[in-house]
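Here's an informal walk through one structure, with an eye on how its strands and helices fit together. Have the viewer open and follow along.

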Amino acid sequence: MARVYNFSAGPSCLPEDVLKECAQEMMDYNGTGQSVMEMSHRSKAYEPIIEDAEAMVRKLMNVPENYKVLFVQGGGSTQFAMVAENLGIKHKKAAYIETGVWAKKAASEAKKLGIEVDVIASSKDKNYSYIPRVEKISGDYDYAYICFNNTIMGTHYEYIPDCGDIPLVADISSCVLSEPLDVSKFGLLFAGAQKNLAPAGVTLVIIREDLIPEPEACLPGTPTMLCYKTHADNGSMYNTPPCYTIYVLGKVLHWIEANGGAEGMLKRNQEKADYLYNFLDSSDFYHATAEVGSRSLMNVPFLTKYSDHAADDEAAAAKEKEINDKFVKEASDAGLVNLKGHRLVGGMRASIYNAMTLDGVKALVDFMKKFASEN
Ligand SMILES: *Cc1c(COP(=O)(O)O)cnc(C)c1O
């Protein structure tokens, strides 16, 4: 079976060079006679792997000295709680900008922990198809929270809200290292690895040192594993880290470096996204759902003309579903997989993370043209 073009929102495609290297080293990593999967995380062979991964994150993201880089588990979803338990400790109050599912889940997790959540802006009025403009965030908030790239809605911040002294927390799960980002503008950044960095299993956290509380200062009852201090004090090795995932992460980071670093990724991603959006904007069969000025370079949801009356006409809705299913099936048969849209947006979604090639996007657009002419 030939390799497919995988447009999955996550876990998602990895650079082929990385997969080949992993395959090559599977039976014998670096003369150790073992796979990295089998190694003790405290071994001489493994130590440099996690150290290098951290060093590469620091280098590629230009992480300032006064920030810790942590590798934790539990995915982006665990960070929703961890952020509140570690940062929501003084006023027990935080500002959230509501831009879709992931931002809402984060807010609801904070509420569960007794944090007073102020939703200071929302794009709910237009089904989260844009990013609200918030010039200045002020008030007695312990932190302000944003989801920087909205994987499901296909939206992305084109600005960083000014929070003054309030630490800004951003979920960058689906856009980490897709573009340069000024880490110093944030108090805390986190990203589940399975979108843009590695297989599932590790979550990257970048946190300003002065924001890491003593475990006793976290919200009452916060488990040891959910205190950032636990991981910061132990070089992300308080317990067994996801060793193999971190090893692949290191390889992906070297691949990013070899391809121009964050700037190189932005150039590559802009080219791919422009190619797809230009086609969508010029098409009378398809249209993108995210508004210009808020569009993600990573996740591109789109609908067909059959969606136009689907909301208020049952026959039209049935026809739309038939067309969407047909699109996804025929695309898959053509080697373009995982294009089904999220149910909250409908239609299709192409996730075109760092590892997706321009050739992959061109193949998708060629298929879309053919499908439009036949339907
Ligand atoms: C995928 C995703 C999450 C959830 O990540 P898990 O690792 O599955 O918990 C959170 N936020 C964003 C923006 C995502 O894309």
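Which residue in strand 9 is the bridge partner of D171? It's F190. Keep in mind throughout that this is a predicted model.

**The seven-stranded sheet**

That D171–F190 bridge is a handy way into an open sheet of seven strands, ordered 2-10-9-8-5-3-4 with mixed pairing. The edges belong to strand 2 (67-72) and strand 4 (116-122); each has a single partner strand, so one side of each is left without a neighbour in the sheet. On average, neighbouring strands here are turned by 20 degrees against each other, ignoring direction.

Strands of a sheet pair through backbone hydrogen bonds, and the pairing can be parallel or antiparallel. Three of the pairings here are set out below.

| Strand pair | Sense | Bridges |
|---|---|---|
| Strand 2 and strand 10 | antiparallel | six bridges |
| Strand 9 and strand 10 | antiparallel | five bridges |
| Strand 8 and strand 9 | parallel | three bridges |

If you want residue-level landmarks for the two pairings with strand 10 (residues 203-208), try these. L70 stands opposite V205 in strand 10, while L188 has I207 of strand 10 as its bridge partner.

Is strand 9 mostly covered or mostly open? It's mostly covered, with five of its five residues buried. L188, F190 and G192 point one way, L189 and A191 point the other way, and all are buried. So F190, the residue we started from, is the bridge partner of D171 and is buried as well, because every residue of strand 9 falls under the 20% relative accessible area cut-off.

Two helices lie over parts of this sheet. Helix 3 (residues 75-87) lies across strand 2, strand 5 (143-147), strand 8 (168-171), strand 9 (188-192) and strand 10, and runs at about 160 degrees to strand 9. Helix 2 (residues 47-61) lies across strand 2 and strand 10, running at about 130 degrees to strand 2.

**Helix 2 against helix 6**

Two packed helices are described by the angle between their axes and by the distance between those axes. For helix 2 and helix 6 (residues 243-258), the angle is about 35 degrees and the axes are 9 Å apart. The crossing is left-handed. On the helix 2 side, the contact is made by I49, I50, D52, A53, M56, V57, K59 and L60; helix 6 brings I246, Y247, L249, G250, L253, H254, I256 and E257. Those residues divide into eleven nonpolar, two polar and three charged.

Y247 deserves a closer look. This tyrosine sits in helix 6. Is Y247 buried or exposed? It's buried: its relative accessible area is 4%, and the cut-off for buried is under 20%. Leaving aside neighbours within four places in sequence, Y247 is in contact with E21, C22, E25, Y29, V36, Y46 and I49. Of these, I49 takes us back to helix 2, where I49 is part of the contact with helix 6. There's also a link between distant parts of the chain: the C-alpha atoms of Y247 and M37 are separated by 9.1 Å, although the two residues are 210 apart along the chain.

**The three-stranded sheet and helix 8**

A further open sheet has three strands in the order 11-12-14, paired antiparallel. Strand 11 (286-288) and strand 14 (348-351) are at its edges, each with a single partner strand, so one side of each is left without a neighbour in the sheet. The twist averages 30 degrees from one strand to the next. Strand 12 (residues 299-304) pairs with strand 14 in the antiparallel sense over four bridges, and V300 stands opposite A350 in strand 14.

Helix 8 lies across strand 11, strand 12 and strand 14, running at about 130 degrees to strand 12. Helix 8 (residues 314-333) also packs with helix 9 (residues 358-374), at an angle of about 135 degrees and with the axes 11 Å apart. That angle makes helix 8 oblique to helix 9. The crossing of these two helices is right-handed. Across the contact, I323, K326, F327, E330 and A331 in helix 8 meet F367, M368, F371 and E374 in helix 9. The residues of this contact divide into six nonpolar, no polar and three charged.

Methods
Residues are numbered from 1 along each chain as its sequence is written. This is a predicted model: local features need pLDDT of at least 70, side-chain atom pairs count only at pLDDT 80 or more; totals for chains, interfaces and linings use all residues. Side-chain values use heavy atoms; hydrogens and water are left out. Two strands pair if DSSP finds at least two bridges between them. Axes are lines fitted to C-alpha atoms, for helices over the stretch in contact, and angles run from 0 to 180 degrees between N-to-C directions. Contact means heavy atoms within 4.5 Å. Buried means under 20% relative accessible area, exposed over 50%, partly exposed in between (1.4 Å probe, protein chains only). Angles under 35 degrees count as roughly parallel, over 145 as roughly antiparallel, 65 to 115 as roughly perpendicular and the rest as oblique. A crossing is left-handed if the near helix is turned anticlockwise from the far one by less than a right angle, and right-handed if clockwise. Ala, Val, Leu, Ile, Met, Phe, Trp, Tyr, Cys and Pro count as nonpolar, Asp, Glu, Lys and Arg as charged, and the others, Gly among them, as polar.
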